[in-house]
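Me: I am new to this structure and would like to know what stands behind the words used for it. Could you walk me through them?

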Amino acid sequence: MATKAQLEAELATLKSQLAASKPEPVPEPEPDDTEEHSTFSALLKEHGVDTRDIDALWAQFSTELSDLPEKKPLLTAVAAFGLGFALGRMSKS
């Protein structure tokens, strides 16, 4: 039977082999939508809204919604049913 020290040594060897064989991830270039982004930012500034406010609001919204299925499963099921029902009725006509 292998000892803990032998297993840890083998694990360290395997981790180093994996790290050596794994290529470095290449970051993907950002899409070139600077003109659209600047126009949208200018439109928001005209109405007194800062893009950082929207980013903060989106982050808060996503964190609150990420816990919703665990905290309130019945509400999530009813909302999913209602959305499915509404989409089904809209697609009939």
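Me: What makes Phe 85 count as exposed or buried?
Reply: Happy to help! The relative accessibility of Phe 85 is 51%, so Phe 85 counts as exposed. The cut-offs are these: buried is under 20% relative accessible area, exposed is over 50%, and partly exposed is in between, with a 1.4 Å probe and protein chains only. Please keep in mind that this is a predicted model, where local features need pLDDT of at least 70, side-chain atom pairs count only at pLDDT 80 or more, and totals for chains, interfaces and linings use all residues. Residues are numbered from 1 along each chain as its sequence is written, and side-chain values use heavy atoms, leaving out hydrogens and water.

Me: How do you know how confident the predictor is in the protein chain?
Reply: That is what pLDDT tells us, the predictor's confidence in each residue, from 0 to 100. The protein chain has a mean of 83, and 84% of its residues reach 70 or more. Among its elements, helix 2 (residues 34-46) has the lowest mean pLDDT, 75, and helix 5 the highest, 93.

Me: What elements make up the protein chain?
Reply: There are five helices and zero strands. Both are DSSP runs numbered from the N terminus: helices are H or I with at least four residues, strands are E with at least two.

Me: Why is helix 5 said to lie largely in the open?
Reply: Helix 5 has 20 residues and the number buried is zero, so this helix lies largely in the open. In the whole protein chain, buried residues make up 2% of the 93 residues.

Me: How do you know what span to expect for helix 5?
Reply: The expected span is 1.5 Å times one less than the number of residues. For the 20 residues of helix 5 that gives 28 Å, and the helix reaches 29 Å from its first C-alpha to its last, close to the expected value.

Me: Why is the pair of Trp 58 and Phe 61 called tilted?
Reply: Rings of Phe, Tyr and Trp (its six-membered ring) pair if their centres lie within 6.5 Å; planes under 30 degrees apart count as stacked, over 60 as edge-to-face and the rest as tilted. The ring centres of Trp 58 and Phe 61 are 5.8 Å apart and the planes stand at 45°, so the pair is tilted. Trp 58 and Phe 61 are about one helical turn apart, because they are three residues apart in helix 3. Trp 58 is exposed at 59%, whereas Phe 61 is partly exposed at 42%.

Me: What makes the pair of Phe 81 and Phe 85 stacked, tilted or edge-to-face?
Reply: This aromatic pair is stacked, with 6.3 Å centre to centre and 20° between the planes. Phe 81 and Phe 85 both lie in helix 5 (residues 73-92), four residues apart. Phe 81 is exposed, at 63% relative accessibility.

Me: What makes the contact of Lys 4 and Glu 8 a salt bridge?
Reply: A salt bridge is a side-chain nitrogen of Lys or Arg within 4 Å of a carboxyl oxygen of Asp or Glu. The side chains of Lys 4 and Glu 8 meet at 4.0 Å, N to O. Lys 4 is exposed at 63%, while Glu 8 is partly exposed at 46%.

Me: What distance is found for the salt bridge of Asp 50 and Arg 52?
Reply: The side chains of Asp 50 and Arg 52 meet at 2.9 Å, N to O. Asp 50 is partly exposed at 22%, and Arg 52 is exposed at 62%.
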